Amino acid sequence: MSIFNFCYRIVPCLADPARRSSLGLKAALVVLHIVYAGTLFLLYSDLIEKTKEEPWYTAIYLLLFVAALIQYFVTSCSSPGYVLDAMRDLNEKNSLYRRSSMLSKQPASSKSGSFVITVEGSQSERNIPGSNVTSWTKLVLDMYPPGTSIRTLTCSYCNVEQENCQRSCEPPRAKHCHDCDKCVLQFDHHCVWLGTCIGRGNHCRFWWYIFEETALCLWTGILYITCLKANISRVWWKDAIMILLLVTLSIALIFLLLLLIFHSYLILTCQTTYELVRRRRIPYLRGIPERVYPFSKGVCRNLYDFCFARSSLYSLERLPTAMELEEKSRPYTCLDFLTGRCC
């Protein structure tokens with residue numbers, strides 16, 4: 001038995017190439033963080049003295065360092081919100097409601113001591129008048145304006161996995177991820193570094209991770225520059241290491257800063273990366289002008305919904321009607337800014 005087979009038997013997740021690659025990326029990212037911070041503490045002797053005089057300064061830096069790593073693992077382990085999970089969640093709620101309805105309809109004076117109600121399978125696929133039971137198909141179809149082609153509502157990739165592939169529909173803003181092999185609600189992109197998709201369920205966590213990582217890179221870069229200024233006459237190879245790490249850190253900082261600004265723009269306009277990049281290929285966005293954001297409710301409401309109104313992961317967004325799109329495409333006036341239409 002080879003050493004690899006022995007390792008795979010001890011740790012089964014390593015047998016999967018995708019999981020192995022994801023774990024390798026996570027380990028590499030942790031090592032990079034330790035290398036940059038460790039080099040700083042090893043070569044910047046004044047930082048140790050500063051820590052003794054002002055321990056709060058180093059404590060806050062280390063707290064941000066740990067928080068960024070924790071946020072990384074929290075985001076990578078969180079679910080982006082899969083369509084199949086939303087379907088199961090709705091089916092479970094409907095089953096519980098039907099069960100409670102059956103119990104409530106059971107007569108109190110039953111001589112036989114038992115009362116059986118049979119429910120046809122087709123009944124679970126439609127609304128029951130006067131109840132809260134709603135089939136997934138009707139729930140999704142109600143989100144599309146009248147006249148939308150049914151062919152555009154189903155996913156051709158994961159129909160095999162769905163129990164009722166003829167009646168299962170894909171909600172608006174969902175997309176099939178070929179890396180995860182699942183349909184993701186409010187799909188943004190598949191992040192290779194995190195090893196998961198970014199969607200409705202973890203987009204907020206992803207933004208906070210980028211924010212913390214950007215702040216950490218900026219703070220570390222400032223410490224590196226301060227170290228080089230304070231010890232310019234040190235041994236040349238130490239300066240070379242510091243400069244090399246500072247250059248790579250600056251490149252990472254520029255990338256993170258641009259990513260943070262880009263996703264902040266997406267949040268304020270209620271868009272996703274996929275919708276922005278593939279706007280002309282998405283059927284429900286194809287005929288909408290470029291500067292019209294169909295799902296936007298105003299900057300303040302978009303920000304509030306993104307940060308605080310995510311208690312229900314599977315609260316789906318419907319497509320706007322023609323009248324709503326016409327209202328959104330109307331240019332802003334001074335009166336609109338005074339009345340808060342932009343917010």
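Two residues are said to be in contact when heavy atoms of theirs lie within 4.5 Å. With that meaning in hand, we can walk through this model, which is a predicted one, beginning with a single residue and moving outward to the helices and the cores.

The starting point is I198, which belongs to strand 4, a run covering residues 196-198. Leaving aside residues up to four places away in sequence, I198 touches P80, Q186, F187, D188, H189, C191, H203 and F206. One of these partners, D188, shows how the chain brings separated positions together, for I198 and D188 are 10 residues apart in sequence, while the C-alpha to C-alpha distance between them is 5.4 Å. Is I198 buried or exposed? Its relative accessible area is 0%, and because a residue counts as buried when that value is under 20%, I198 is buried.

A second residue to look at is T269, which has its place in helix 8, spanning residues 236-269. T269 has a relative accessible area of 10% and is therefore buried, since the cut-off for that word is under 20%. When residues up to four places away in sequence are not counted, T269 touches Y293, S296 and N302.

From T269 we can turn to the packing of its helix. Helix 8 packs against helix 10, which covers residues 299-307, at an angle of about 110°, and the two axes are 7 Å apart. Because angles of 65 to 115 degrees count as roughly perpendicular, helix 8 and helix 10 are described as roughly perpendicular to each other. On the side of helix 8 the contact is made by I267, L268 and T269, and on the side of helix 10 by V299, N302, L303 and F306. Sorted by class, this contact between helix 8 and helix 10 has 5 nonpolar residues, 2 polar residues and no charged ones.

The last step leads to the nonpolar cores. In soluble globular proteins, nonpolar side chains tend to be buried together. In this model the largest nonpolar core has 38 residues, and those with the most contacts inside it are L40, Y61, L223, Y224 and M242. The elements that give two or more residues to this core are helix 2 (17-43), helix 4 (55-77), helix 7 (203-230) and helix 8, with helix 7 giving the most, 12 residues. To see one of these core residues in detail, consider L223, which touches L40, Y44, L47, Y57 and Y61 when residues up to four places away in sequence are not counted. Apart from this largest core lies another core, of 23 residues, among them C155, C169, C183 and L316.

Conventions: Residues are numbered from 1 along each chain as its sequence is written. This is a predicted model: local features need pLDDT of at least 70, side-chain atom pairs count only at pLDDT 80 or more; totals for chains, interfaces and linings use all residues. Side-chain values use heavy atoms; hydrogens and water are left out. Helices (H or I, at least four residues) and strands (E, at least two) are DSSP runs, numbered from the N terminus. Buried means under 20% relative accessible area, exposed over 50%, partly exposed in between (1.4 Å probe, protein chains only). Axes are lines fitted to C-alpha atoms, for helices over the stretch in contact, and angles run from 0 to 180 degrees between N-to-C directions. Angles under 35 degrees count as roughly parallel, over 145 as roughly antiparallel, 65 to 115 as roughly perpendicular and the rest as oblique. Ala, Val, Leu, Ile, Met, Phe, Trp, Tyr, Cys and Pro count as nonpolar, Asp, Glu, Lys and Arg as charged, and the others, Gly among them, as polar. A nonpolar core is a set of buried Ala, Val, Leu, Ile, Met, Phe, Trp, Tyr and Cys residues joined through side-chain atoms within 4.5 Å.
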